[in-house]
Each structure stands twice: as structure tokens, then as C-alpha cells.
Amino acid sequence: LASAVGMAVAADHEGDRDPPLFGGKTHHESSVVPGEEATLLGATEQVEPEDEAELGNVSKHAPVAAAEMSLWIGRIRRFELGGLTFYVGPHWCFSVVMLGVINAVGWAYTGGIAIYASGLQTVLGIGVTLASTLSFLDCALSEPGIVHPAAGSPGGKLKPEQLIPSTGRRYCTACDIPQLVGMYHCNYCQVCIAGWDHHCPWMGKCIGANNLQSFYRFLTVSMSSLVFVVVMTLVSTG
């Protein structure tokens, strides 16, 4: 009788468990922190004590695989096109304005002045316009150094607002991760950025460890192009 009761309880216990959703892993197979809840499509389940030994070495802040990354990381939109990955920030409208200004100045000079001055000026006008456009897009669409939040983190704005990059002793409560030296939680992008330099609305998002060099490259190319356009305009119309 005791054996039959034990088998019935075990069967009932197994029946209470949710089956894998959409072919996914069960909670025995997933990377879950001991004692914490794992959320899957809005449903939560508690890790059982017998699973804790198996999961004891799993880090809460383990990196998320690329295939599992959300299309939205904070307020930064990640998407793929033609095998390339692009990141568009919350201030994308300012980027559109900047791109329009770059091309308006470049093509106005090329089509309104250079084409009547010489073939060389026309070629150079096209060259500096394209160089400025491409260097801008390279920075505006690049990944700034996003540090992925922990699963189940509250996200959003950090309160109180972080004023300076971390010295390595700060914990981001919005992303629920410890901040390494140089990390900063941007309340515009609503995500932590490694090697944070500043938030640039003209690039649509933050400038950090992964796009700082492309930002400097854009400044160098665009300023050089602007100087060329101004000088050649004065020479051609003087």
C-alpha cells in the first residue's frame, strides 16, 4: 500500500510540471539562478531544491546568446539586414536630420558649384560627400558597447540618475548587474554602456567602447570635408 501511494504522489507531482513551451527546455535544462524564479512567456516557476546542486555554478549574469537576444535592448533597436547587424538608438530622428544636412551641403556644392568649376572639383565633391555619409552611418548604426541586462531585470531609467561612469564599485539596479570600471547606465538608451563617453543625439544613441573610434573618424572626415567645401566655394566664387 505504501509503495502504491508513493507512486501515485510521484505521478501527481510529475503532472503538475509544465511541459516545454514551443520545443524549449524545461526548467531542469535552463540556466537559472538557484533559488530564483525563471520567467518564460510570462509564467514563473520556482527552482526546486534538488536542482540547486546542478545549477550551483551557473552565473546570474552569464552572457545571452545572440540567437536569444531581444530585438530591443533597452531603447536601442537591434536588427539584421544582408548579414549585417545594425543598432538604432532612441534619437534616430536626429540622425536622419544630420544625414540630410551632410548630403544637402555636399550635393549642393557638387551640383551647384563644383560641376561648373572643373571635373576634378566635381569628383572631389562627390568623394567628400560619400565619405562623410558613410563614416556617419558607420557610427550611427554601430553597437556602442551594450552590456546586456540580467534576465528579469526591471530595466528602464536608473533612479537616482547615474552622473559619472562607474569606478567599479557600483551596482546597476535597473539592469541588475554589477558595473565594471567605465560602465554607465544611460537613461535615454535605458541600458548600461561599457566605456561610456557621452550620449550623442545626432548619432541616435550613446558613444561607448565599441563605437568611439568610428565617432572620431566621422568627426575627422566630416570636418575635413566641410573645410574643403568652404575653401573651394570661396575660391570658385571669389
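A residue is termed exposed when its relative accessible area is over 50%, and buried when that value is under 20%. In the predicted model described here, Glu80 is exposed, with a relative accessible area of 55%. Its salt-bridge partner is Arg78, and the closest N and O atoms of the two residues are 3.1 Å apart. Arg78, by contrast, is buried, at a relative accessible area of 9%.

The structure holds 2 salt bridges in total. Besides the pair formed by Arg78 and Glu80, the side chains of Arg217 and Asp138 meet at an N to O distance of 3.0 Å. Arg217 belongs to helix H5 and Asp138 to helix H4, so this salt bridge ties together parts that are 79 residues apart in sequence. Both partners are classed as partly exposed: the relative accessibility of Arg217 is 44%, and that of Asp138 is 36%. Such pairing is possible in general when the charged atoms of side chains of opposite charge come close.

Helix H4 comprises 22 residues, from 119 to 140. At 1.5 Å a residue, a span of 32 Å is expected for this helix, and the end C-alpha atoms are indeed 32 Å apart, so the two values agree. The buried residues of H4 are Gln121, Thr122, Gly125, Val128, Thr129, Ser132, Thr133, Ser135, Phe136, Cys139 and Ala140. In an α-helix there are 3.6 residues a turn, so residues three or four places apart point the same way. The cover over the buried residues of H4 includes two helices, H3 (92–117) and H5 (212–237), together with strands E5 (84–88) and E12 (205–207).

A view of the packing between H4 and H5 is given by Ser225, which is found in helix H5. Ser225 is buried, with a relative accessible area of 9%. Leaving aside neighbours within four places in sequence, Ser225 is in contact with Val128 and Ser132, both of which are listed among the buried residues of H4. A polar atom of the Ser225 side chain also lies 2.8 Å from the backbone oxygen of Val221.

Elsewhere in the model, 3 strands form an open antiparallel sheet in the order E6-E10-E9. Strands E6 (146–147) and E9 (184–186) are the edge strands, each pairing on one side only. E9 is joined to strand E10 (residues 191–193) by 3 bridges, and Val191 of E10 is the bridge partner of Cys186.

The loop between strand E8 (177–179) and E9 contains Met183. This residue is buried, with a relative accessible area of 4%. Beyond residues up to four places away in sequence, Met183 touches Val147, Gln162, Pro165, Ser166, Ile177, Pro178, Cys192, Ile193, Ala194 and Gly195. The C-alpha atoms of Met183 and Gly145 are separated by 9.2 Å, although the two residues are 38 residues apart along the chain.

The structure holds 0 disulfides. For Cys192, the nearest cysteine sulfur is that of Cys172, at 3.6 Å. A disulfide requires the two sulfur atoms to be within 2.5 Å, and Cys192 is therefore in no disulfide. Cys192 is buried, at 0% relative accessibility, whereas Cys93 is partly exposed, with a relative accessible area of 38%.

Terms used. Residues are numbered from 1 along each chain as its sequence is written. This is a predicted model: local features need pLDDT of at least 70, side-chain atom pairs count only at pLDDT 80 or more; totals for chains, interfaces and linings use all residues. Side-chain values use heavy atoms; hydrogens and water are left out. Helices (H or I, at least four residues) and strands (E, at least two) are DSSP runs, numbered from the N terminus. The expected span of a helix is 1.5 Å times one less than its number of residues. Buried means under 20% relative accessible area, exposed over 50%, partly exposed in between (1.4 Å probe, protein chains only). Contact means heavy atoms within 4.5 Å. A salt bridge is a side-chain nitrogen of Lys or Arg within 4 Å of a carboxyl oxygen of Asp or Glu. A polar contact is a pair of N or O atoms within 3.5 Å; within protein, one must be able to donate a hydrogen and the other to accept it, and residues adjacent in sequence count only if both atoms are side-chain atoms. Two strands pair if DSSP finds at least two bridges between them.
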